[in-house]
Amino acid sequence: QVQLVESGGGLVQPGGSLRLSCAASGSFSSAIFMQWYRQTPGNQREFVASTNSFGTTNYVDSVKGRFTISRDNAKNTVYLQMNSLKPEDTAVYYCYVTVRDYSGSTKNYWGQGTQVTVSS
């Protein structure tokens, strides 16, 4: 079993910054793929950013140049540094982690979500 604990959301003014964290714990050998999604009411979850075990990153176009995803493999933690925030970034942000267990199988897990509100 794997648990994901997110933190770092909150209320920020336009142009401000926040850093989200997602820590994975439990029984697994490695976190292969770590991603962030976001969701607004009435809409599907939208991909935001990803990073793999090699450090390769990918972003949705709307956040490129403003958001940075990073990971600390020793802590099995993924971060999302969000700068120059806009009202349209307001959403619940979820981490999504793919882990490899000790049998060699891969499994996917969602975090509980953290609210980010960008408003003056």
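Select Tyr96 to begin: the residue is buried, with a relative accessible area of 17% (buried means under 20%, exposed over 50%, partly exposed in between, with a 1.4 Å probe and protein chains only). The model is predicted: local features need pLDDT of at least 70, side-chain atom pairs count only at pLDDT 80 or more, and totals for chains, interfaces and linings use all residues. Residues are numbered from 1 along each chain as its sequence is written, and side-chain values use heavy atoms, with hydrogens and water left out.

Add Tyr37, also buried, at 18% relative accessible area. The structure holds five aromatic pairs (rings of Phe, Tyr and Trp, the last by its six-membered ring, with centres within 6.5 Å; planes under 30 degrees apart are stacked, over 60 edge-to-face, the rest tilted). Tyr37 and Tyr96 make an edge-to-face pair, with 5.9 Å between centres and 90 degrees between planes. Tyr37 is in strand S4 (residues 30-39) and Tyr96 in strand S9, 59 residues apart (strands are DSSP runs of E, at least two residues, numbered from the N terminus).

Extend the selection to Phe47, Tyr94 and Trp110, which form one aromatic cluster with Tyr37 and Tyr96.

Next, show Arg45. Its charged end sits over the ring of Tyr94, 3.6 Å from the centre, and over the ring of Trp110, 4.5 Å from the centre (CZ of Arg or NZ of Lys within 6 Å of the ring centre and within 35 degrees of the ring normal).

Finish at Cys22 and Cys95, whose sulfur atoms are 2.0 Å apart in a disulfide (cysteine sulfur atoms within 2.5 Å). Cys22 lies in strand S3 (residues 18-26) and Cys95 in strand S9 (residues 91-100), so the disulfide ties together parts 73 residues apart in sequence. Cys22 is buried at 0%, and Cys95 is buried at 0%.

Conventions. Helix = DSSP H or I, 4+ residues; strand = E, 2+ residues; numbered from the N terminus.
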